[in-house]
Every structure is written in structure tokens, then in C-alpha cells.
Amino acid sequence: PPPEVVEAEAEAAAAAVLVEPEVAEPEVAERPRLRDRLGKARSLFGGYLTTVRSRERIDESTWEALEEALILADVGADTALGLLDELRARVKAEKVTTPEELVTLLRDDLVERLQADRTLHLEPDVTNVWLFVGVNGVGKTTTIGKLGLQQRSEGRTVVMAAGDTFRAAAADQLATWAERVDVEVVRGNEGGDPGAVIFDAVQHAAAKKADLVLADTAGRLHNKVNLMEELKKVRRVAERPPGKVTEALLVLDATTGQNGLTQAKIFAEAVDVTGVVLTKLDGTAKGGIALAVQTELGIPVKLVGVGERAEDLVEFDPVEFVDALVAPEE
């Protein structure tokens with residue numbers, strides 16, 4: 001055959017080799033165990049609990065050690081004190097005498113406090129919109145990309161909306177994910193109206209009979225009132241028929257600790273947050289922020305990020321999470 005034909009065939013073969021692993025990877029990768037990914041949080045919190053377990057009896061110093069452990073784990077002072085008050089009452093009522101039994105009660109209490117509806121809601125006969133909010137740098141765009149890949153693998157049609165029009169890099173990053181996931185992305189001009197982008201995405205999705213719009217938003221500084229007002233407007237626009245916001249997910253960097261709780265409060269007031277995505281839980285995060293967010297705000301943690309792969313964005317399982325933190329080392 002002529003040289004140009006051979007060259008074209010070689011290029012096609014090379015392209016096939018490059019594309020194939022990207023398609024196959026989500027199919028075969030296993031869900032990570034939280035126990036394996038929460039090393040830093042385990043060593044901090046678990047270290048304190050080992051000290052508690054090693055005591056001969058439950059005395060005031062035992063309670064002080066537990067309080068310090070909870071606060072250092074980013075549970076927050078108010079939540080920690082409320083939890084300990086309940087534990088003291090249970091220890092007395094149930095005549096618990098050993099530190100090992102005390103840790104078991106703590107484990108059960110933590111699991112109970114984290115119970116909630118963690119479903120990611122999708123409604124029939126509407127264009128579902130999942131709105132993602134949060135400050136810059138927490139991983140919103142990456143979360144959308146990973147979730148888009150997961151939803152596609154479950155057979156749903158997805159459209160992405162590049163609603164962060166203030167940073168061209170954000171729209172470019174989302175477009176890269178959309179290409180990888182093989183979904184369409186709707187984007188506008190840099191500095192344009194984010195609400196208009198999301199409105200166009202909803203209309204486009206409805207015309208295509210797509211199941212879901214994953215909508216990015218700008219990384220608002222949570223202390224800027226006018227920017228919060230704009231987020232409210234974005235949500236109102238996303239709710240216009242045929243669109244319906246079935247999830248408003250606040251993405252929080254788990255390593256920011258109690259500062260994340262402050263962000264959560266302000267975003268929750270602005271956009272009626274339905275759930276939290278905790279990213280970077282495998283890093284220097286201490287883990288307790290999951291309990292603080294749910295206890296103080298009544299907002300469930302629905303997803304956690306524990307690594308770089310798409311499969312490392314996982315449903316939050318309270319039992320698995322608490323056991324990963326409090327169980328003795330194997």
C-alpha cells in the first residue's frame with residue numbers, strides 16, 4: 001500500500017491503544033476501603049483511643065483524653081461536648097466500667113449520629129440538575145468529572161454545565177473531563193452570566209432527553225454577600241422548567257477542618273444545600289468534620305474523595321467510616 005495509507009493505519013492503531021485503557025479503567029477498578037485510605041486520621045484519633053483503651057478504669061482523665069481526641073479530630077468543641085455528655089449519662093445508666101466498653105459506646109454513638117438519607121436523588125420526567133457549590137480549590141470540577149463518569153457507567157445520559165465563568169481554566173478543566181467521560185459540555189464566554197450557561201445546559205439536556213445536568217459554579221468566597229446572592233440567582237434559574245434542582249452539593253476540602261463548617265453554614269443558607277462532598281479525606285484531614293457538619297447543620301455527607309481515581313469518589317458509609325477511625329490496628 002502507498003506510504004500515506006500505512007501511516008494513517010499506524011496512527012489509527014496508536015489512537016486505539018491510547019483510548020482503550022481510559023474506557024476500560026472505570027469498569028475494572030475496585031472501590032477503595034476507607035480503612036486503607038484514612039491513615040493519617042486513624043493514626044491521630046486511633047492513637048488517643050489506644051491510650052484510652054489501655055487504662056484500667058474510667059476516670060476523669062479518661063474523659064479528658066476523649067475530649068481532646070474528638071476536638072483534635074475536628075469534631076468541634078460543641079459537638080464533642082454534647083457527645084461526651086450523652087456518653088457520661090449512658091456509662092452511668094448502663095453501669096459501664098471498662099475503657100474498652102466506653103470506646104464501644106463511643107463507636108455506636110458516632111455511627112448513630114451519622115445516620116441519614118445519603119441518596120443522590122433523581123426524579124423521573126424532569127431534567128435533573130445537580131448543582132455544585134463551594135469555595136475555590138476544594139475540588140468541585142474534579143468531583144463533577146468523577147461523578148459524571150460514574151453516572152455514565154450506570155447508563156445515564158449526562159450534560160455538564162461550565163457555570164464557573166470567572167475562570168477560563170475551570171471551564172477548560174470541565175471540558176477535558178467531559179471529553180474523557182464522553183458527555184456534552186455547555187459553556188459560555190469568560191466573565192459571562194453563569195445562570196445563562198446553566199439555563200442553556202438545562203434546555204439542551206431537555207432537548208436531548210438527558211437524565212442529568214451536572215452544573216459547576218464559581219468558587220465563591222463565602223464571606224462575600226453579593227456573590228452569595230448570585231449563587232441564589234443561579235439556583236433559581238436552574239429550577240426553571242423543565243429543570244429541577246434535585247441535589248445542591250457543597251464540596252468541602254476535609255483538610256480545612258472547622259473552617260469548612262463555617263463555609264457550610266453560609267452556603268447552606270444561600271442555596272439550600274442537600275448534601276456535602278468531602279474531598280481530600282485521604283490527606284491530612286482528621287475526619288471529624290463529617291460529624292460536625294451533620295450534627296450542627298443537619299446536612300448529610302453523601303460522598304467522600306479518598307484519592308485521585310474516579311473510583312476514589314465513594315458513597316459515604318457511616319459504619320465503615322467510624323470503624324476505620326476507631327477500630328484497633330490490625
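Me: Which residues of α9 are buried?
Reply: This is a predicted model, in which local features need pLDDT of at least 70, side-chain atom pairs count only at pLDDT 80 or more, and totals for chains, interfaces and linings use all residues. Residues are numbered from 1 along each chain as its sequence is written, and side-chain values use heavy atoms, with hydrogens and water left out. Helices (H or I, at least four residues) and strands (E, at least two) are DSSP runs numbered from the N terminus, while buried means under 20% relative accessible area, exposed over 50% and partly exposed in between (1.4 Å probe, protein chains only). In α9 the buried residues are P194, G195, V197, I198, A201, V202 and A205.

Me: What arc do these residues cover around the axis of α9?
Reply: An α-helix has 3.6 residues a turn, so residues three or four places apart point the same way. The arc is taken from the directions from the helix axis to the C-beta atoms. The buried residues lie on the same side of α9, because the arc they cover is only 160°.

Me: Which elements do the buried residues of α9 pack against?
Reply: Contact means heavy atoms within 4.5 Å. By that criterion, the partners are one helix, α10 (225-238), and the strands β1 (127-133), β2 (158-162), β3 (184-187), β4 (212-215) and β5 (243-253).

Me: Which residue caps the N-terminal end of α9?
Reply: A polar contact is a pair of N or O atoms within 3.5 Å; within protein, one must be able to donate a hydrogen and the other to accept it, and residues adjacent in sequence count only if both atoms are side-chain atoms. At this end of α9, a side-chain oxygen lies 3.0 Å from the backbone nitrogen of G195. The residue that supplies this oxygen is D193.

Me: How many of the 14 residues of α7 are buried?
Reply: The expected span of a helix is 1.5 Å times one less than its number of residues. For α7 (residues 140-153) this gives 20 Å, which agrees with the 20 Å between its end C-alpha atoms. The buried residues include K140, T141, I144, L147 and Q151. The helix is mostly covered, with a buried count of 11.

Me: Which residues does P242 contact, leaving aside its neighbours within four places in sequence?
Reply: P242 sits in the loop between α10 and β5. Because its relative accessible area is 33%, P242 counts as partly exposed. Its C-alpha is separated by 9.9 Å from that of F199, 43 residues away along the chain. The contacts of P242 are V126, T127, V202, Q203 and A206.

Me: Is D125 buried or exposed?
Reply: D125 belongs to the loop between α6 (99-113) and β1. Its C-alpha lies 9.9 Å from that of A206, although 81 residues separate them in sequence. With a relative accessible area of 82%, D125 is exposed.

Me: Which residue's side chain makes a polar contact with the side chain of T255?
Reply: T255 is in the loop between β5 and α11 (258-271), and its relative accessible area of 34% makes it partly exposed. At 2.5 Å, the side-chain partner of T255 is D253.

Me: What share of the residues in the protein chain is buried?
Reply: The protein chain has 13 helices and 8 strands. Among its contacts between residues at least 6 apart in sequence, 77% join residues at least 24 apart. Of its 330 residues, the buried share is 48%.
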